[in-house]
Number of protein chains: 2
Amino acid sequence: MAKDNKKMVREITSMAEDFAQWYTDVVVKAGLIGYTSVKGCMAIKPAGYAIWENIQQELDRRFKATGVQNVYMPMFIPESLLQKEKDHVEGFAPEVAWVTHGGLNELQERMCVRPTSETLFCDFYQKEIQSYRDLPKVYNQWCSVVRWEKETRPFLRSREFLWQEGHTAHATAEEARARTEQMLHVYADFCEEFLAIPVIRGQKTEKEKFAGAEATYTIEALMHDGKALQSGTSHNFGDGFARAFGIQYTDKENKLQYVHQTSWGMTTRLIGAVIMVHGDDSGLVLPPRVAPTQVIVIPIAQHKEGVLEKAQEIYERLGAYRTKIDDTDNKPGWKFAEAEMRGIPVRVELGPKDIEAGQVIIARRDTGEKVTVPMDEVEVRVGQILEQMQSDMLERARAHRDAHTYVATNYEEFVDTAVNKPGFIKAMWCGDRACEDKIKEELAVTSRCMPFAQEHLADTCVCCGRPAKKMVYWGKAY
Amino acid sequence: MAKDNKKMVREITSMAEDFAQWYTDVVVKAGLIGYTSVKGCMAIKPAGYAIWENIQQELDRRFKATGVQNVYMPMFIPESLLQKEKDHVEGFAPEVAWVTHGGLNELQERMCVRPTSETLFCDFYQKEIQSYRDLPKVYNQWCSVVRWEKETRPFLRSREFLWQEGHTAHATAEEARARTEQMLHVYADFCEEFLAIPVIRGQKTEKEKFAGAEATYTIEALMHDGKALQSGTSHNFGDGFARAFGIQYTDKENKLQYVHQTSWGMTTRLIGAVIMVHGDDSGLVLPPRVAPTQVIVIPIAQHKEGVLEKAQEIYERLGAYRTKIDDTDNKPGWKFAEAEMRGIPVRVELGPKDIEAGQVIIARRDTGEKVTVPMDEVEVRVGQILEQMQSDMLERARAHRDAHTYVATNYEEFVDTAVNKPGFIKAMWCGDRACEDKIKEELAVTSRCMPFAQEHLADTCVCCGRPAKKMVYWGKAY
C-alpha cells in the first residue's frame with residue numbers, strides 16, 4: 001500500500017524525458033491548478049493561490065515602501081478609449097475579448113475586457129490632474145486581465161491571468177525615466193531575494209518593446225530547460241499617451257505641460273518561473289520565503305504511544321515558521337512523497353526511536369540532505385536550514401544560468417549555439433531590426449534584452465557583420 | 001485664504017437637506033472615488049481602496065481562522081454552464097454582460113462575465129470531488145463581478161463591484177446549514193467589531209432569497225437616513241446545485257451521495273455602509289479599526305522655530321498607530337477641514353504655545369471633543385481615545401437604529417410608520433407572499449429579514465390579519 005501510494009504520487013514525467021509534460025504534471029499533481037470548462041482559463045487551487053498571496057503581499061510591501069498607492073479601475077474599456085493611442089490599439093486589439101451585450105440589450109458601443117489598463121488610467125488622469133500639486137501619481141492595481149491567446153499553458157500563458165499593473169504620471173521626463181528604472185529594480189530584487197531567481201536586467205529592443213512605449217525595461221530569467229522567461233517589465237511612455245489623451249498640468253510658472261508616464265507589471269507567470277527554475281523529478285521545490293508551508297512535521301509509526309503527542313509538541317514549537325503536521329492515516333512513504341511533490345522546503349520526521357534518543361530528523365527538499373538534530377535545537381536548526389536553503393537555491397539557479405550562457409562572436413557560432421545549446425546567447429548587435437527578424441525566422445531565437453551591464457564581446461554585429469552598437473542577450477523564450 | 005480653503009473643502013450638501021446628494025458629495029470630496037468614461041463603473045481612488053484593503057485583510061483573517069482557503073476561478077461563464085440550474089439562470093441572465101467575440105473571431109458559444117460564481121465552482125467541484133475524503137471544500141475568492149444595473153450609485157450599486165465569494169461543499173445537509181450560519185455570524189461580528197455597524201441577523205423570506213438557494217441568511221444595517229442596507233448574505237443550497245451539476249461523492253459505506261453546498265459574500269458596498277452609518281455634515285467619519293489613517297499630526301504656525309521638528313517627533317512617537325503628518329504649506333484651517341472630510345479619527349495639534357507648555361491637543365473626529373494632554377502621554381492617550389471612539393461609534397449607531405425601529409401591530413400603524421418614520425418596522429407576518437407583494441407595491445417597503453431573535457408582537461399578520469407565523473423586519477432599502 002505504502003509503495004503504491006508513493007508511486008502514485010510520484011508518477012510524473014521526468015524533466016529529461018519531456019520538460020513540457022513534466023511541467024504540466026507538476027502543476028496538476030502539486031495541486032496548483034485545476035482545469036475548467038472555460039477554454040484557455042485555469043482554476044487556481046489553494047496550493048497555487050497561496051503562492052500568489054505570498055508574492056502579492058511581499059511585492060505590495062515593496063511597492064508601498066516606494067510610495068505606491070493602490071486603486072481599482074473598471075475592467076471594461078470602451079472601444080473608442082482603446083483606440084486613442086495608435087500603437088497601443090494596434091498591439092492589443094487583435095487579442096481582446098469584446099462585450100457586446102449588457103443584459104438583454106446590445107450596447108451602443110462595444111467594450112473590451114481590459115488586456116492592460118493604460119487607456120483607463122489615462123482617461124482617469126486626464127480628469128484628475130490639473131496642477132503640479134497633483135503630481136506625481138503613483139498608482140497600482142491588483143486585478144485580472146484578459147488576452148485571447150490561441151495556445152495556452154497554465155501560469156505561462158492563459159486567456160485570463162492575475163497581475164498587478166502600476167501606472168504613474170510625473171511632471172518631468174527624468175522623473176518618469178527614474179521611476180521606470182526604479183520599479184525594474186524592485187522587480188529584480190524581489191525575484192532574487194524572495195523567489196531565488198536570478199535575472200538579467202536590461203532594455204527591450206524597438207521590435208520587442210511594449211505597444212505605445214518609448215522604452216521597455218525587462219528582467220529575463222533562465223528556466224531549467226534553457227529557455228528564457230520574461231518575468232517583469234517596466235515601460236517609460238514619455239509624453240506619448242499624455243498627448244493622445246490630453247493629460248496636462250499647469251507648472252509652477254503657470255504654463256501648461258504634458259505629464260510623463262510609466263507602467264509596470266508582474267503576473268502569475270512568476271509561479272511558472274518558480275516551478276521551472278527550482279522544480280525537480282520529485283515535483284515542486286519552493287524557496288522558503290515564498291512557500292505557503294515552510295515546514296511539515298511527519299510522525300513515523302504514529303499509532304505507537306507518545307508519537308503523535310511528541311509530533312504535536314514539535315509542531316507547536318515551530319510556530320515561528322509556516323508549519324503543518326501530517327497526522328493523516330497515510331503511510332510515511334506517501335506523506336514524504338506528497339510533501340516532496342508540493343515542494344515543502346523542510347520536513348521534520350520523528351518516530352519512537354527518535355523520541356527515545358531525544359532527536360528529530362530534518363530533511364531539506366532541495367538537496368534531499370538529512371540531519372539528525374537534538375529535539376531542543378529544532379527551532380534554531382530549522383530556521384538555519386530555511387535560510388541556507390533560500391540562499392543555496394539562488395546560487396544554484398545562478399550557477400545553472402551562468403553555465404547555460406554562451407558567447408557567440410560570429411553567425412556560425414550563434415547558429416551552433418542556438419541549435420545545440422539551450423540557454424542564453426550573448427552576442428553583439430548592429431541595432432538593426434532586420435537582423436533580429438532574420439535570427440527569429442531562422443532560429444526561433446529572439447532578443448531578450450540589451451542588458452544594463454553591457455560588455456564588449458566583439459566589434460561587429462553577430463548577424464550582419466556591420467559595426468555593433470549593443471550587446472544583447474538572445475534566447476528561445478516562453 | 002484659510003477661510004476660503006476651509007469653505008471649499010467643507011462645501012458639501014448637508015445630510016438634512018438632501019441625504020443622497022450629501023452621500024455623493026462625501027464619496028467624491030473625501031477622495032474615495034472618481035468617475036470614469038465607463039458607464040456605471042467607478043474608479044476607486046487610494047483613500048477608498050485603502051478602506052477596502054483593511055476590510056479585506058481583516059475579513060480574510062477571520063475566514064482563514066474558520067478553515068477557509070482562497071482560490072481563483074475564471075471570470076467568464078459559458079452560457080451553457082450558467083443555464084444548468086434553472087432558478088439561478090432566471091435570476092441572473094437578465095443582468096449579465098455578454099462576451100461574443102475573442103480577438104477577431106466570433107465565439108462559438110457566448111460567455112457572460114461572472115455576476116457570481118456558483119456555476120463555475122459547481123463545474124470545478126464536479127471534477128474535483130470523488131470521495132468523502134475530498135470533503136469539505138471551503139473555498140473563497142476575492143474578485144470583481146459584473147451586474148448590468150440600470151441605475152448605479154458609488155459603492156451601493158455599480159455595474160462592476162469588488163467582493164469575496166465563498167463556495168463550500170459538504171458531506172451532509174447539517175454541515176452545510178452550520179457553515180451557512182457560521183459565516184453569517186462571521187459577517188455580523190465583523191460589521192459590529194470592525195466597522196462599528198450594528199446589524200440584525202436573520203433569514204430572508206422565500207421572495208427575497210437568492211436565486212437557486214434553499215435558504216438565504218442576511219445581515220441588515222440601518223443607515224443614518226432610516227433606510228436599510230443588506231450588508232452580507234449567506235446561502236444554503238442544500239443539494240440543489242449538486243443535482244443540477246452532478247456533484248457526487250462515495251461515502252464511507254461506498255455509496256454515492258450528493259454534496260450539500262453554501263455560498264456567502266460581502267462587497268465594496270460595505271464602504272457605502274460605513275459612510276452612511278457614521279458620516280456627518282463635515283464628511284466621512286471612519287471607525288478607528290478600518291481607518292487607513294488613524295491619526296493625523298497637524299503643526300500650527302509651522303514656520304516658527306522648532307514646531308516642525310516637534311511635530312515630527314510626535315509623529316514618530318505615534319508609530320504604533322497608522323499615523324500621518326500634514327506638513328504641507330496649507331493653513332491649519334484647511335488641514336483641519338481636509339482631515340475631517342477624510343474621516344481621520346484622531347487629530348493631534350501642536351503650536352508654539354503648546355510646545356512651550358509641553359502639551360498637545362487631541363481632537364476626536366466623531367464628537368469634535370478636544371483634550372489637552374501632556375506631551376509624554378500622547379501615545380497612551382491617543383490609544384485610549386481610538387479605542388473609546390471605536391466602541392462609542394458602535395453604541396451611537398445602535399442607539400440610532402433602536403430609536404428608528406418601530407413596532408406595528410396593524411396595517412394602519414404600519415402604513416403610518418412607513419410613510420412618516422424612516423427606519424425599521426417590526427411586524428408580524430402570515431408567511432404569505434401576497435402580503436409582501438402588497439406591502440412592496442403600496443409602500444415601497446420590503447421584508448428585510450425574519451430575525452433569528454424572534455419576538456411575539458401580536459397574533460395576526462400586520463397585513464392580512466390571518467394568524468401570524470413570523471416576526472419580520474421591514475424597511476425601505478438601498
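Two residues are taken to be in contact if their C-beta atoms, placed from the backbone, lie within 7 Å. The structure on display is a predicted model, and this tour applies that criterion first to the boundary between chains A and B.

**The interface**

Select the residues of chain B that touch chain A: there are 42 of them, in contact with 42 residues of chain A. The elements of chain B that contribute two or more residues to this side include the strands β2 (42-44), β3 (69-70) and β4 (76-78), the helices α3 (46-65) and α6 (118-128), and the strand β8 (160-170). The largest share, six residues, is supplied by β5(B). Colouring this side of chain B by residue class gives 25 nonpolar, 10 polar and seven charged residues.

Next, display β5 (residues 97-102) of chain A together with β5(B). The two strands pair in the antiparallel sense over five bridges. One bridge to pick out joins Gly102(A) to Ala97(B).

**The symmetry axis**

Now superpose chain B on chain A. A rotation of 180° with 0.0 Å of shift along its axis achieves this, with an RMSD of 0.0 Å. The two copies are therefore related as by a two-fold rotation axis. To locate that axis from chain B, select Val99(B), whose C-alpha is the nearest of that chain, 2.1 Å away from the axis. Returning to the interface, 100% of the interface residues of chain B are also interface residues in chain A, so the copies meet through the same surface.

**The sheet of chain A**

Hide chain B and show the strands of chain A. An open sheet of 11 strands runs in the order β3-β7-β8-β14-β11-β10-β9-β22-β23-β21-β20, with mixed pairing. At its edges stand β3 (69-70) and β20 (405-407), each with a single partner strand, so one side of each has no neighbour in the sheet.

Within the sheet, select β9 (residues 200-203) and β10 (residues 215-222) of chain A, which pair in the antiparallel sense over four bridges. Gly202(A) has Thr218(A) in β10(A) as its bridge partner.

**Helix α11 of chain A**

Finally, select helix α11 (residues 332-341) of chain A. Is this helix enclosed or open to its surroundings? Eight of its 10 residues are buried, so the helix is largely enclosed by the rest of the structure. The buried residues are Trp334(A), Lys335(A), Phe336(A), Ala337(A), Glu338(A), Ala339(A), Glu340(A) and Met341(A). Just after α11(A), Gly343(A) adopts a positive phi of about 75°.

Note on methods
Residues are numbered from 1 along each chain as its sequence is written. Chains are lettered from A and ligands numbered from 1 in the order in which they are written. This is a predicted model: local features need pLDDT of at least 70, side-chain atom pairs count only at pLDDT 80 or more; totals for chains, interfaces and linings use all residues. Ala, Val, Leu, Ile, Met, Phe, Trp, Tyr, Cys and Pro count as nonpolar, Asp, Glu, Lys and Arg as charged, and the others, Gly among them, as polar. Two strands pair if DSSP finds at least two bridges between them. A residue is buried if 20 or more other C-beta atoms lie within 10 Å of its own, exposed if 12 or fewer, and partly exposed in between; C-beta atoms are placed from the backbone. Copies are superposed by least squares on the C-alpha atoms of residues with pLDDT of at least 70 in both.
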